[in-house]
Amino acid sequence: MKFLKLIIITYVLVSSALLQAQTRQPTEAQIEQFKKLPKSQQEAIAKKYGIDLNVLGQSNDASAPSLENTPSVLERRNNESGMLTDSEVLLLEEQRFKPKGEELKPFGYELFAGEPTTFMPTEGALVPDSYTVGPGDSLNVTLYGKQNSSQEVIVDREGLITISGLSPVQVAGMQYVEVKKLIQAKVEEEIIGAQAFVSMGRLRSIRVLVLGEAYKPGAYTVPSLASITHALFVSGGITEIGSLRNIQLKRAGNTIVNLDLYDLLLSGDSSGDALLKPGDVVFIPPVGKQVAVSGEVRRPAVFELQKGESAKDLIAMAGGFNATALTQKATVERFSGNNFKTILPLDLSQPEVNYAPKSGDKIIIPKSAQELNQAITLVGAVSNPGNFAWKSDSYISTFISSLKADLLPIADFEYALVVREKNAKGDIGVVQFSPEKAITGDPQHNIALLPGDKVVVFSQYKTKADEEQVLASMALTQEQMQLNEKVELWQEYENRKFYDFIGETKELDSELSKAVSERDFERGDRLNSLLLGKELSIHDEDYSVFSREVLLEPIIMKLSQQASHGEYVQLFEIKGEVRYPGIYPLPANGTLSEAVDAAGGLKESAYLNNAEITRLVKGETASVEHVNFNLKASLSGEEQYRLQGRDSINIFSTPNWQESINVRLVGEVKFPGTYTIKRGETLNDLLTRAGGFTDYAFPEGAIFTREEIRLQEQRQLRKLSDDLRREMASRSFQSSVAGASLSYGDMDRLLKDLADIDALGRLVVDIEAVAQGNVALELRDNDALYVPSKRNIVSVIGEVNVSTSHYYEDGMSVDAYIKRSGGLKQRADEERIYIIKANGAVEVPESGSWFAVENSSQLEPGDTIVVPLDAEYTDTLTLWSTATQILYQVGVAVAAIGSL
């Protein structure tokens, strides 16, 4: 029975979810608002909320239809109902996910894609003089002169026309021009003084047969002016096994015309498209010899060949070669008949080609190599990246002659590389130079370039955010600063339109406030890290496009791959007090000074009198040695240390170097503010520097916070929230939960409160003992002390009827304060009432226990009485009491800080 109930509940939930998804379809007004958003915002909405851009009339690129999922001729020829069959739907679904390779399609068949069409010529079409008049045609005869009249005459089944006042005339089988002359002569002969003007009226219909490899062979009624191509369109075209080059028009058992559609498709020649006569047969034989042409041609496809056509004709059918075609190295794949394919060479660059096409051949035109000859390539933070012509007198200054004109504002002027191939295998080496010194003509940096060299210029910034922040803040006028602010406001406005569109305005407010706070925190954290020399964790997508990490990666991989037994890998490592520690390519005759430039230079904390190189020495056995040197002498040029592959350089920090350590004092101290302290300084020392407490200070209620404790508490809160959710989920399948007094809504709100709470990181400290020097509390970075003013109140929170604060009265008990707050609620846990002291400590007031104290004597000003929720109402979820206690304690501390 329980299992049946579970199935019913699951079905109801799924059905309601589906109904909700269906009822949340966007309205027309929302769609119009959606279309006004930027393209990037539309894609973000579609991705996050599963909106189909095609349904909304949008696409990632409306101007460029996708060719990947374009159905073939047969796929687009639907049945008469206009719907695909189940098997066709499954086939299309399979093709959506099937990997696409090169697929050559027979040429010309796309002309007939789609349903059969009548392709009726218009009534106003010009009738040629050679048109054969027959029964069913009508003629308009106009008499003028002595007699004026106009009438329509129809050719009857006997082939006669009867004009009023004239004898019948036989016209069937005559050409249109002959009929006109005959009527005009007849009128002039029988009606003196009158002349005739003859024009063609309505045309008769004729019946023809379309047989062979037609899409829908059969008998069709077509206009008398219809030609062979009209008959093909009427029957739906030609199947993919039908011939396009030998379409036969048969009349009375004889073949009258052989139509080659390639003449029409490739040259626009319709001379072979003969007019049809009643009883004609359009016969489509099977396709003849077929040869495929792929690769670097303008129209790769499978072509049908006639007898005598050559490779030159094939290339002409394929539209000719692309500019990248390597014609002298073409190949032919041919079935040899022994279960294998044979590869034949084919030089299409020659005027005469000795090649006889065979059915099933595939001609492949390869692509020319992309390697440049006699060229120099500029890569990275340059104004004009790309390939440039090399000359015998080409130097770095030839291509980079101005720092401002030829390099981007983000470029590093001290470190760049020339990547040069050393041998035919493609092994590379690097030469390091300074763009700034190269421009001045320094021969050591203004390097003579060789063909194929690649000049790589790096960005002086590591992340995209650093680049954008620096470049965006370089506003010269007040108007530019205001414009930057307006741009940010506009972006937030667009985000709000996005949330209004999907009906999530409340979510927007919370996400915006959270994003702004995180952005401000990250910005401040980044600035602090820059000042303090700390490393931030960076994702791959956050690196600057021209950063060292991005541009050096392929170079380092190539150098690592080409290392051999006889040569160390040409890489070195530098770490310690440099701007960009890491692994770098070792330039030819690389020195320590170049290594420091590669790492972005020294930090201000670097120790110049001593540094260390760890070097691998290879002999009978490998060993490691450490080489100490004077960094200052090496950088000044007094000493030169040549680096070797695999060297590891360590730049030490100055002894006792101290980064900035800041501590905040807030509230009732004589000189509150943010103080920079030295290492080992205590809270007592800082209070002495700040002048001590004011006369209104309440040291017993002071709150001391520490960043590392806050981070630890935040992790614990997340773990507690996850544990509660898991326990609640596991208990939700037990019937006893349904009868619990605490509703699911209450539990869910408590979980959300617990997930949204920000840890404070409070450390319970006896501030009075610290101020008197009895306790030495050593300070750390980002510590904070909040000293409130005197408060003669006692607060009562939790499961009481009115959570409020009361004026402190000496000797008043806990129970008395609870009664003043309206007493306990039904769900209150009377046995677990506790007191949060003003300094953050927690005491239990209940009597009858060996660790309890008398509840009327332990209350002091600033204390808070907490009445927790009875955990029994939640079906003995063991974590609820812990969760509520954390919520109350953090709330009390935050309220105390907020009152300052």
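**View A. What kinds of residues line the largest cavity in this predicted model?** Sorted by class, the lining is made up of four charged residues, three polar ones and one nonpolar one. Here's the full cast: Glu-414, Gln-432, Phe-433, Ser-434, Lys-437, His-445, Glu-594 and Asp-597. Phe-433 is the nonpolar member, while Glu-414, Lys-437, Glu-594 and Asp-597 make up the charged set. That leaves Gln-432, Ser-434 and His-445 as the polar ones.

**View B. The largest cavity and the elements around it.** Two elements, strand 19 (428-433) and helix 17 (592-598), each give at least two residues to the lining. From strand 19 come Gln-432 and Phe-433, and from helix 17 come Glu-594 and Asp-597. The space inside comes to about 40 Å³. Searching the whole structure turns up three cavities of 30 Å³ or more.

**View C. Strand 12, tucked away.** Strand 12 runs over residues 301-305 and is mostly covered, with five of its five residues buried. Its side chains split two ways: Ala-301, Phe-303 and Leu-305 point to one side, and Val-302 and Glu-304 to the other. Glu-304, a charged residue, is buried along with the rest.

**View D. Strand 12 and its partner, strand 11.** Strand 11 (residues 289-295) pairs with strand 12 in the antiparallel sense, over five bridges. One bridge to look for sets Lys-289 against Leu-305 of strand 12. Getting from strand 11 to strand 12 takes a hairpin of five connecting residues. Leu-305, the bridge partner of Lys-289, is also among the buried residues in View C.

Note on methods: Residues numbered from 1 in each chain as written. Predicted model: local features only at pLDDT ≥ 70, side-chain atom pairs only at ≥ 80, totals over all residues. Heavy atoms only, no water. 1 Å grid on protein atoms, 1.4 Å probe; cavity = no way out; pocket = protein on both sides within 12 Å on 5 of 7 lines; lining within 4 Å. Points joined across faces, edges and corners; volume = space filled by probe spheres on them. Helix = DSSP H or I, 4+ residues; strand = E, 2+ residues; numbered from the N terminus. Buried < 20%, exposed > 50% of the residue type's maximum accessible area, 1.4 Å probe, protein only. Pairing = 2+ DSSP bridges.
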